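Hello,

Here is the structure for you to look through. My notes on what was found in it come after it.

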Amino acid sequence: MPQMAPIGWLSLFIIFSIAFVIFNVMNYYSFIPSMPKSDLVNKTQSTNSLNWKW
């Protein structure tokens, strides 16, 4: 659409860029990682994984 004014392209670019940034920020902060319950669970899992049954 070459008939469009340059200010129109600039405003569209700014609007879509802001929408893109907001979308990415919302996706980044909506992720909640699962935390391990205690260090004891991690230690038992690591020692059990080292026991080879040959």
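The notes below go from the whole chain to single residues.

Please keep in mind that this is a predicted model.

The protein chain has two helices and zero strands. Of its 54 residues, 2% count as buried. The accessible surface of the chain is about 5,700 Å², and carbon and sulfur atoms account for 73% of that area.

One stretch has a database annotation. UniProt, in an unreviewed entry, gives residues 6–29 as a "transmembrane region". In the model, this stretch is 100% helix and 0% strand. The C-alpha atoms at its two ends are 35 Å apart.

Helix H1 covers residues 6–30, and Leu10 is found in it. How exposed is Leu10? Its relative accessible area is 45%, so Leu10 is partly exposed, because that term covers values between 20% and 50%. Leu10 also belongs to a nonpolar patch on the surface. The other members of the patch are Ile7, Phe13, Ile14, Ile18, Ile22 and Met26. Together, the patch residues have about 740 Å² of accessible area.

The structure also holds one aromatic pair. It is made by Tyr28 and Tyr29, whose ring centres are 5.0 Å apart. Their planes stand at 85°, so the pair is edge-to-face, because planes over 60 degrees apart count as such. Are these two residues buried or exposed? Both Tyr28 and Tyr29 are exposed.

Regards

Methods
Residues numbered from 1 in each chain as written. Predicted model: local features only at pLDDT ≥ 70, side-chain atom pairs only at ≥ 80, totals over all residues. Heavy atoms only, no water. UniProt positions renumbered as here; feature names shortened; annotations may be inferred. Helix = DSSP H or I, 4+ residues; strand = E, 2+ residues; numbered from the N terminus. Phe/Tyr/Trp six-rings, centres within 6.5 Å; stacked < 30°, edge-to-face > 60°. Buried < 20%, exposed > 50% of the residue type's maximum accessible area, 1.4 Å probe, protein only. Areas by Shrake-Rupley, 256 points an atom, 1.4 Å probe, with all protein chains shown as cover. Patch = residues over 30% accessible without salt bridge, like charges linked within 9 Å, V, L, I, M, F, W, Y side chains within 5 Å. Salt bridge = Lys/Arg side-chain N within 4 Å of Asp/Glu carboxyl O.
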